[in-house]
Amino acid sequence: LKQMLPPGTSESQMKQMMKAFEGMDEKQLDATLKMMQGFQKVTAPVRNVYSTVNGWCGGYFLTVMLLFVAFYGGLIIYTRFFLAAKNDVDISETM
């Protein structure tokens, strides 16, 4: 069972997860497991794409994405506020 858990999961976390299933009857357990399997089936393509792209980035995909968002977000803010403010003309100057 410990092999199927994510790396770094402690035994106390594992016991806490198992306690969540203790109070369920057979129908609730089956419904919960079906819902979990359905969720895994829906998210599998996204996880596969993420794993592939993360492999291309040498395991730094999230860092690359954060830098990308920070750069383009900063670029948008700069052009929107600073360059637009520089190009604004005061109406009283034109009259």
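Helices, at least four residues long, and strands, at least two, are taken here as DSSP runs numbered from the N terminus. On this basis the predicted model contains four helices and zero strands, and the elements follow one another along the sequence in the pattern α-α-α-α. Buried residues account for 7% of the 95 residues in the protein. The exposed surface comes to about 8,800 Å², of which carbon and sulfur atoms supply 66%.

Ahead of the helical elements, in the segment before α1, lies T9. With a relative accessible area of 18%, T9 falls under the 20% limit and is therefore classed as buried. When residues up to four places away in sequence are set aside, T9 touches M14 and M17.

Helix α1 itself comprises residues 11–22. For its 12 residues, a rise of 1.5 Å a residue leads to an expected span of 16 Å, and the end C-alpha atoms of α1 are indeed 16 Å apart, so that expectation and model agree. Because the number of buried residues among the 12 of α1 is one, this helix lies largely in the open. F21, which belongs to helix α1, has a relative accessibility of 28% and counts as partly exposed. Apart from residues up to four places away in sequence, F21 touches L29, T32 and M36.

The contact between F21 and T32 can also be described from the side of T32, a residue of helix α2. T32 is buried, its relative accessible area being 15%, and its contacts, again without residues up to four places away in sequence, are with F21 and M24. The C-alpha atoms of F21 and T32 are 9.3 Å apart in space, while the two residues are separated by 11 residues in sequence.

Helix α2 spans residues 26–56 and also includes N54. The relative accessible area of N54 is 18%, so this residue, too, is assigned to the buried class, for which the limit is under 20%. Once its neighbours within four places in sequence are left aside, N54 is in contact with G59, Y60 and F61.

F61 takes part in an aromatic pair as well. A pair of aromatic rings is described by the distance of the centres and the angle of the planes. Under the criterion that ring centres lie within 6.5 Å, the count of aromatic pairs comes to three. In the pair formed by Y50 and F61, the ring centres are 5.5 Å apart and the planes meet at 75°, so the arrangement is edge-to-face, an assignment that requires an angle over 60 degrees. Since Y50 lies in helix α2 and F61 in helix α3, which covers residues 61–87, this pair ties together parts that are 11 residues apart in sequence. The two partners fall into separate accessibility classes: Y50, at 34% relative accessibility, counts as partly exposed, whereas F61, with a relative accessible area of 19%, is buried.

An aromatic cluster is formed by F68, F71 and Y72. Of these residues, F68 is found in helix α3 and is partly exposed, with a relative accessible area of 45%. The members of the cluster also contribute to a nonpolar surface patch of about 580 Å², which is made by M65, F68, V69, F71, Y72 and L75. Membership of such a patch calls for over 30% relative accessible area, a condition that F68 meets because its value is 45%. With regard to the spacing of positions along a helix, an α-helix has 3.6 residues a turn, so residues three or four places apart point the same way.

Methods. Residues numbered from 1 in each chain as written. Predicted model: local features only at pLDDT ≥ 70, side-chain atom pairs only at ≥ 80, totals over all residues. Heavy atoms only, no water. Buried < 20%, exposed > 50% of the residue type's maximum accessible area, 1.4 Å probe, protein only. Contact = heavy atoms within 4.5 Å. Areas by Shrake-Rupley, 256 points an atom, 1.4 Å probe, with all protein chains shown as cover. Phe/Tyr/Trp six-rings, centres within 6.5 Å; stacked < 30°, edge-to-face > 60°. Patch = residues over 30% accessible without salt bridge, like charges linked within 9 Å, V, L, I, M, F, W, Y side chains within 5 Å. Salt bridge = Lys/Arg side-chain N within 4 Å of Asp/Glu carboxyl O. Expected span 1.5 Å × (residues − 1).
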